[in-house]
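Here is a short report for someone meeting this protein for the first time. Please keep the structure in view while reading.

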Amino acid sequence: MKYSGMKKIAWCFCTFWCLPFTLWGAQASRSDTLDIRKTIIEMRITDFSTQQISAVTHLYVHSLTNNISVLPFDLDTLHVDSVYWNGSQVSFIQTPSLVQVQLAPLVLNQNDSGVVDIYYHGVP
């Protein structure tokens, strides 16, 4: 039983560790718009019996093109609580497999940089 729980925790860790590589990997056009320079993941296992986690992922991004106002992230099975851009809360739209961070009225242009903080929870 302990092994199974640890296996799921390891899977969860690997899933979010690789998150920046899968965020834009789903579509080639996404990988041409942003460069993720650094990723920091803070994860808490809030309930071992239900395997519930809560976490925040900090993504340090750098814009490669102009006119970016939406940042799409592939994120399955977890519920996003809030999203921040450079410390200010921004809106987002979540579907079962995608989170779209809404930066408007802000628009990123080539060589702009910032930090996206995504707070989420659930059972991976």
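## Tyr84 and its ring partner

Tyr84 counts as partly exposed, because its relative accessibility is 24% and the partly exposed class runs between 20% and 50%. This value, like the others here, comes from a predicted model.

How many aromatic pairs does the protein have? The count comes to one. Tyr84 and Tyr119 form that pair, and its geometry is edge-to-face. The ring centres lie 5.8 Å from each other, with 75° between the planes. Two values are given because a pair of aromatic rings is described by the distance of the centres and the angle of the planes. The label edge-to-face applies because the angle of 75° is over the cut-off of 60 degrees.

The pair links distant parts of the chain. Tyr84 sits in strand S4, residues 78–85, and Tyr119 sits in strand S7. In sequence, 35 residues separate the two. Tyr119 has a relative accessibility of 33%, so Tyr119 counts as partly exposed.

## The overall plan

The protein has 124 residues, and 35% of them are buried. Three helices and seven strands make up its list of elements. Read from the N terminus, the order is α-α-α-β-β-β-β-β-β-β.

Consider the contacts with a separation of 6 or more. Residues 24 or more positions apart account for 70% of these. The protein exposes about 7,300 Å². Carbon and sulfur atoms supply 57% of that area.

## One sheet of seven strands

In what order do the seven strands lie in the sheet? The order is S1-S2-S7-S4-S5-S6-S3. The sheet is open, and its pairing is antiparallel. Strand S1 (34–47) and strand S3 (70–74) are the edge strands, each pairing on one side only. From one strand to the next, the twist averages 25°.

Strands of a sheet pair through backbone hydrogen bonds, either parallel or antiparallel. The next section follows some of these pairings.

## S2 and its two neighbours

Strand S2 covers residues 52–63. It is mostly covered, with nine of its 12 residues buried. S1 and S2 run antiparallel and are joined by 12 bridges. Thr39 has Leu59 in S2 as its bridge partner. Glu42 stands opposite Val56 in S2.

S1 and S2 also form a hairpin, with four residues between them. Gln51 lies in the turn and has a positive phi of about 60°.

S2 pairs with S7 too. Here 10 bridges join the strands, which run antiparallel. His58 has Asp117 in S7 as its bridge partner.

## His121 in strand S7

His121 belongs to strand S7, residues 113–122. Is His121 buried, exposed or partly exposed? Its relative accessibility is 27%, so His121 counts as partly exposed.

The side chain of His121 makes a polar contact with the side chain of Asp81, at 2.8 Å. Asp81 is also among the residues in contact with His121 once neighbours within four places in sequence are left aside. The others are Gln52, Ile53, Ser54, Leu78 and His79. His79 is 42 residues from His121 along the chain, yet their C-alpha atoms are separated by 5.4 Å.

## Leu98 and Gln102 in strand S6

Strand S6 spans residues 98–102. Leu98 is found in this strand. Its relative accessibility of 16% is under the 20% limit, so Leu98 counts as buried. Leu98 and Phe73 are 25 residues apart in sequence. From C-alpha to C-alpha, they are 5.7 Å apart in space.

Gln102 is also found in S6. What does the side chain of Gln102 reach at 3.2 Å? It reaches the backbone oxygen of Gln100. Leaving aside neighbours within four places in sequence, Gln102 is in contact with Ser69, Val70, Val90, Ser91, Phe92 and Ile93.

Conventions: Residues are numbered from 1 along each chain as its sequence is written. This is a predicted model: local features need pLDDT of at least 70, side-chain atom pairs count only at pLDDT 80 or more; totals for chains, interfaces and linings use all residues. Side-chain values use heavy atoms; hydrogens and water are left out. Buried means under 20% relative accessible area, exposed over 50%, partly exposed in between (1.4 Å probe, protein chains only). Contact means heavy atoms within 4.5 Å. Accessible areas come from the Shrake-Rupley method with a 1.4 Å probe; for residues, only the protein chains shown count as cover. A polar contact is a pair of N or O atoms within 3.5 Å; within protein, one must be able to donate a hydrogen and the other to accept it, and residues adjacent in sequence count only if both atoms are side-chain atoms. Two strands pair if DSSP finds at least two bridges between them. Axes are lines fitted to C-alpha atoms, for helices over the stretch in contact, and angles run from 0 to 180 degrees between N-to-C directions. Rings of Phe, Tyr and Trp (its six-membered ring) pair if their centres lie within 6.5 Å; planes under 30 degrees apart count as stacked, over 60 as edge-to-face and the rest as tilted.
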